[in-house]
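Here's a casual walk through one helix-to-helix contact and the rings that sit in it. Take a look at the structure first, then read on.

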Amino acid sequence: MASETPSVELKEEDFARLQIERRVAEVFDVFDHESNKTVDMREIGTIVRTLGCFPTEAELHDMIAEVEEEEPTGFIRYEKFSPMMVRVLTERRYRPATEETLLKAFSVLDKEQKGHLTVDELRNYMVEEGGLSSNVHVIPSCNARW
């Protein structure tokens, strides 16, 4: 008599969670230069953004505070980071701005309503309003129009 292998069915949400957990682990591992399941806390913003989340600096600070050791070491451990990041991704928090929102923002900056910003205009906004260094480099080949 042939033995039957029990069927294992994953619910769709369980499968999605496993995919998220796998993605978090993959991205974390890229930044784990010592292969010891830790990353430099200065890399957390890059990791979070690589995973498709775009929190404000204050929100990112809160995320780091949530996973930081009680006695800060400058490193974040995977076992603390992963549950927090999986929760953030599952809840779809810190999503990027929509194309519509970005186009509206650029149209506000386009005072002459010409449908584009010049490189100099964009650089000036980034330096004067955005607080960036005056030596910021703007790629001149951006030809977005709204």
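What follows covers how two helices cross, who meets whom, and the aromatic pairs between them.

Keep in mind that this is a predicted model. Let's start with helix α1 (residues 12–31) and helix α4 (residues 78–90), whose axes come within 10 Å and cross at roughly 130°. That angle is why α1 counts as oblique to α4. As for handedness, α1 passes α4 in a right-handed crossing.

So which residues do the meeting? On the α1 side there are Arg17, Ile20, Glu21, Val24, Ala25 and Phe28, and they meet Tyr78, Phe81, Ser82, Met85, Val86, Leu89 and Thr90 of α4. Sort the residues of this contact by type and you get nine nonpolar, two polar and two charged.

Now for the rings. The count comes to two aromatic pairs, and here they are:

| Pair | Centre to centre | Between the planes | Type |
|---|---|---|---|
| Phe28 and Tyr78 | 5.2 Å | 65° | edge-to-face |
| Phe28 and Phe81 | 5.6 Å | 35° | tilted |

Phe28 lies in α1 and Tyr78 in α4, so their pair ties together parts that are 50 residues apart in sequence. The pair of Phe28 with Phe81, which lies in α4, likewise ties together parts 53 residues apart in sequence. Put the ring pairs together and Phe28, Tyr78 and Phe81 are linked into a cluster.

Are these rings buried or exposed? Phe28 and Tyr78 are both buried, with Phe28 at 0% relative accessibility. Phe81 is buried as well, with a relative accessible area of 0%.

Key. Residues numbered from 1 in each chain as written. Predicted model: local features only at pLDDT ≥ 70, side-chain atom pairs only at ≥ 80, totals over all residues. Heavy atoms only, no water. Axes fitted to C-alpha atoms, helices over the stretch in contact; angles between N-to-C directions. Helix = DSSP H or I, 4+ residues; strand = E, 2+ residues; numbered from the N terminus. Parallel < 35°, antiparallel > 145°, perpendicular 65-115°, else oblique. Left-handed = near helix turned anticlockwise from the far one by under 90°. Contact = heavy atoms within 4.5 Å. Nonpolar A, V, L, I, M, F, W, Y, C, P; charged D, E, K, R; others polar. Phe/Tyr/Trp six-rings, centres within 6.5 Å; stacked < 30°, edge-to-face > 60°. Buried < 20%, exposed > 50% of the residue type's maximum accessible area, 1.4 Å probe, protein only.
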